[in-house]
Amino acid sequence: MALKFYNTLTGKKEIFKPFKNKKVNFFVCGPTVYDFSHIGHARTYIAFDALVKYLKKIGYSVFYLQNITDIDDKIIERAKQEKVSFKDLSKRFEKEYLKDMKDLRVDSVDQYARAADYIKEIISQVERLLEKGFAYQISDGIYYDIKKFKDYGKLSKRTAQEAEDAVSRIDEAKEKRNKGDFCLWKISKPNEPKWKSPFGEGRPGWHIEDTAITEKYFGPQYDIHGGANELIFPHHEAEIAQMEAVSGKKPLVKYWTHTGLLTVNGIKMSKSLKNFISISEFLKNHSSRILRLFILKSHYRSPIDYNEKAIKQTEKELERIDEFVEKIRHPERSEGSRIKRPAAGFFGRSLPSSEVKGPQNDIAKKIILKTKKYYQSAMADDFNTPKALAAIFDLVKKGNKLIEQNKLSAKQAQEIYNLMLKFDKVLGILPIKKKLVIPQEIKKLVQKREKARQVKDWARADQIRQQIKKKGYKTEDTLRGPKIKKAK
Ligand SMILES: [Zn+2]
């Protein structure tokens, strides 16, 4: 099934075809590390994490690169307020960011690149833009002349700032040639961080760090650039202007992809309203799985409104999934569930497979096939996670019904569970199984007990079970043989 992908540059869904066969170079704008990351950031990074995992799952080899802005006006300002060095401040919030991402199971980034580590590459790009006449120097730095680049505005379909632009970072300077010219290199003021350059001691502008970093890793062209919607202008517009002017090659990026806005109770998050919800704050009261499900329930391009009611609803949905997974994972445990199992004895390995024969088998098979088909076609259609999740919810509903009617065999339960696990490699909403390290001594006791059970020496088997219990473990007899667990 061909993957269709929406491209902000063309405003259309297109068949996804990377520059080189199955190889995908993927870049996403990372955080400016001057504060805690909020759930708006989580939205973007969870969506792209799932997208990368999906692309890998369907056979692409993806290199996921993300920058970290560790030198910026906001960082300098906050460091001054807190009377710490800009480095200490950015390091602190970089650590917080990486921890948040780990907690959210965002683990698909192959390379993080800190701006301050790429000063040489940044200077080289600024030099080339000066040589080619796209940039000019004034007293406070080097600026890009947007009038020199005729394609300026091709991504956002505009060339001027608008009142609602949240992240502009077009530096104001009286000597600028055009109002929309943006800064490439800032001459540092006293007590500001600085690096030596041919144009004077200074520091990079914000937009140039991305193209310097992507040129270093990917060259002048690459496959996908992602970011939040609000970065389209001027940030991504500036990136195109910088790199396409330097290299003479276009497009810089084949597919531009943007995530929709996340509001809180219908209102945009802002410093002045103090309605920011940081990721760590959210995770104090909820599991990360709830945030992932909440975010993936919406299409990545749609706006999302965060509110208590919506989170409560998501909690309920996740509970439903968890209960179902528990039933299909442990048919032997759930009292109420009536998953088909052999009528007599323990449901041990020695017993024949408990396949349900006949039309009932067909029902389960059909449901599994249908879910797969729905999931795959939803994901291939511009990564439609809400539709894919709807297919999973439908599977849960139908699976529960089969269990109720005593029509699901243990083997089919296992098949459904495997399917859920497969989906979850992309979605990341099921609980992570913690790997338990079982001591050799316990394993040996369990083996002994199995032998006793095989010769029907129940007294001996029970005695060994007590021994295992004393050592803090317990063993459960499952369809797949004995399962060792830590006794609570
Ligand atoms: Zn960026």
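How many cavities of 30 Å³ or more does a search of the whole structure find? The search finds 2. Keep in mind that this is a predicted model. I will take the cavities, then the helix pairs, then some backbone details.

Start with the largest cavity. Its volume is about 50 Å³. Which residues line the largest cavity? They are Ile321, Ile392, Met420, Phe423, Asp424, Leu427, Ile429 and Leu430. Helix α12, residues 410–427, gives the largest share of that lining, with 4 residues. By class, the lining has 7 nonpolar residues, no polar ones and 1 charged.

Now the second largest cavity. Here the volume is about 30 Å³. The lining is made of Arg43, Ala47, Ile295, Leu296, Ser298, His299, Tyr300 and Thr385. Two helices each supply at least two of these lining residues: α1, at 39–57, and α8, at 288–296. The classes here are 4 nonpolar, 3 polar and 1 charged.

On to the helices. Two packed helices are described by the angle between their axes and the distance between the axes. I have three pairs to show you. Helix α4 appears in two of them.

First pair: α4 with α6. Helix α4 covers residues 119–131, and helix α6 covers residues 232–247. They pack at an angle of about 70°, and their axes are 9 Å apart. Angles from 65 to 115 degrees count as roughly perpendicular, so α4 is roughly perpendicular to α6. The crossing of these two is left-handed. Which residues meet there? From α4, we have Gln125, Arg128 and Leu129. From α6, we have Gln242, Met243, Ala245 and Val246. This contact divides into 4 nonpolar residues, 2 polar and 1 charged.

Second pair: α4 with α5. Helix α5 is residues 206–218. The axes of α4 and α5 come within 9 Å and cross at roughly 105°. That angle makes α4 roughly perpendicular to α5. On the α4 side, the contact is made by Glu121, Ile122, Gln125, Val126, Arg128 and Leu129. On the α5 side, look for Ile208, Glu209, Thr211, Ala212, Glu215 and Lys216. The classes are 5 nonpolar, 2 polar and 5 charged. Three α4 names come up in both contacts: Gln125, Arg128 and Leu129. They meet α6, and they also take part in the contact with α5.

Third pair: α13 with α14. Helix α13 spans residues 440–454, and helix α14 spans residues 458–470. Are they roughly parallel or roughly antiparallel? The packing angle is about 165°, with the axes 8 Å apart. Angles over 145 degrees count as roughly antiparallel, so α13 is roughly antiparallel to α14. This crossing is left-handed. From α13, the residues in contact are Ile442, Leu445, Val446, Lys448, Arg449, Ala452 and Arg453. They meet Trp458, Arg460, Ala461, Ile464, Arg465, Gln467 and Ile468 in α14. By class, that contact holds 8 nonpolar residues, 1 polar and 5 charged.

Last topic: the backbone. Most residues other than glycine have a negative phi, and most peptide bonds are trans. Here are some places to check against that.

Where are the cis peptide bonds? One joins Phe233 and Pro234, with omega at about 0°. Pro234 is found in helix α6. That is the helix we just saw packing with α4. Another cis bond joins Lys250 and Pro251, again with omega at about 0°. Pro251 sits in the loop between α6 and β11, the strand at 253–259.

Then there is Arg105. What is the phi of Arg105? It is near 60°, a positive value in a residue other than glycine. Arg105 lies in the loop between α3, at 86–103, and β5, at 111–114.

To recap. The search gives 2 cavities of 30 Å³ or more. Helix α4 is roughly perpendicular to α6 and roughly perpendicular to α5. Helices α13 and α14 are roughly antiparallel. And for the backbone, go to Pro234, Pro251 and Arg105.

Methods. Residues are numbered from 1 along each chain as its sequence is written. This is a predicted model: local features need pLDDT of at least 70, side-chain atom pairs count only at pLDDT 80 or more; totals for chains, interfaces and linings use all residues. Side-chain values use heavy atoms; hydrogens and water are left out. On a 1 Å grid over the protein atoms alone, a cavity is a set of points where a 1.4 Å probe fits but cannot get out, and a pocket is an open set with protein on both sides within 12 Å along at least five of seven lines; lining residues have an atom within 4 Å of a point. Grid points are joined across faces, edges and corners, and a volume is the space filled by probe spheres set on the points. Ala, Val, Leu, Ile, Met, Phe, Trp, Tyr, Cys and Pro count as nonpolar, Asp, Glu, Lys and Arg as charged, and the others, Gly among them, as polar. Axes are lines fitted to C-alpha atoms, for helices over the stretch in contact, and angles run from 0 to 180 degrees between N-to-C directions. Angles under 35 degrees count as roughly parallel, over 145 as roughly antiparallel, 65 to 115 as roughly perpendicular and the rest as oblique. A crossing is left-handed if the near helix is turned anticlockwise from the far one by less than a right angle, and right-handed if clockwise. Contact means heavy atoms within 4.5 Å.
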